[in-house]
Amino acid sequence: MIGEVYIDKFGVGSSEHMSPMQDAVKGEEIEFKALWVNKCYNSYIEKVVINEKGSKAKYTAHFDYGDKTRPFTIGVLDIINDNPNINILEDNNNGVLIENQQ
């Protein structure tokens, strides 16, 4: 179990010279995200706070492949300074359970 995760700044740098990432589709390494959950099972974070202020990212979060029978659970997901141009990308089989979104 993880207590609180606070992401204050994301998507404000450069993607120049970024290397591909494991399990990422070509080009995803330059699509900045504050939180990427991929192949996480039976895990729990009490609270995730993401500050979108000043971000030029494509996504706030990416809930990638998972397993709904062994969920990755976020107790509270709090997105502050909401940027209407940034969304959450969700795979159909993501296995992420958000108990409370603020």
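Let's start in a loop: N42 sits between β2 and β3, where strands, like helices, are DSSP runs numbered from the N terminus (E, at least two residues, for strands; H or I, at least four, for helices). Before going on, note that this is a predicted model, in which local features need pLDDT of at least 70 and side-chain atom pairs count only at pLDDT 80 or more, while totals for chains, interfaces and linings use all residues. Residues are numbered from 1 along each chain as its sequence is written, and side-chain values use heavy atoms, with hydrogens and water left out.

Back to the loop. N42 has a positive phi of about 50° although it isn't a glycine. Most residues other than glycine have a negative phi. N42 counts as exposed because its relative accessibility is 58%; the cut-offs are over 50% for exposed, under 20% for buried and partly exposed in between, using a 1.4 Å probe and protein chains only. N81 has a positive phi of about 50° too, and is not a glycine either. You'll find N81 in the loop between β5 and β6, and with a relative accessible area of 44% it is partly exposed.

Now for the strands. One open sheet has four of them, in the order β1-β3-β5-β7, with parallel pairing; two strands pair if DSSP finds at least two bridges between them. At its edges are β1 (2-7) and β7 (96-101), each pairing on one side only. Neighbouring strands here are turned by 25° against each other on average, direction ignored; the axes are lines fitted to C-alpha atoms (for helices, over the stretch in contact), and angles run from 0 to 180 degrees between N-to-C directions.

Walk across this sheet from β1. Five bridges join β1 to β3, and E4 has K47 in β3 as its bridge partner. Next, eight bridges link β3 with β5, with V49 partnered by D78 in β5. Finally, β5 and β7 pair over five bridges, where I74 is matched with I98 in β7.

There's also an open sheet of three strands, ordered β2-β4-β6 and again paired in parallel. β2 and β6 (87-90) are the edge strands, each with a single partner strand, so one side of each has no neighbour in the sheet. The twist averages 10° from one strand to the next. Four bridges hold β2 and β4 together, and V37 stands opposite F63 in β4.

So what fills the middle? The largest nonpolar core has 16 residues, and L35, V48, I50, F63 and I74 touch the most other members. Such a core is a set of buried Ala, Val, Leu, Ile, Met, Phe, Trp, Tyr and Cys residues joined through side-chain atoms within 4.5 Å. Strands β2, β3 (43-51), β4 (59-63) and β5 (72-80) each supply at least two residues of this core, and β5 gives the most, with four. β5 is also mostly covered, with eight of its nine residues buried. As for V48, it touches V5, L35, I74, V76, L77 and D78, not counting residues up to four places away in sequence; contact means heavy atoms within 4.5 Å.

One last stop is K33, in strand β2 (residues 33-37). K33 counts as buried because its relative accessibility is 17%. Its side chain makes a polar contact with the side chain of H62 at 2.9 Å. That term covers a pair of N or O atoms within 3.5 Å; within protein, one must be able to donate a hydrogen and the other to accept it, and residues adjacent in sequence count only if both atoms are side-chain atoms. Leaving aside neighbours within four places in sequence, K33 is in contact with F10, E28, Y59, T60 and H62.
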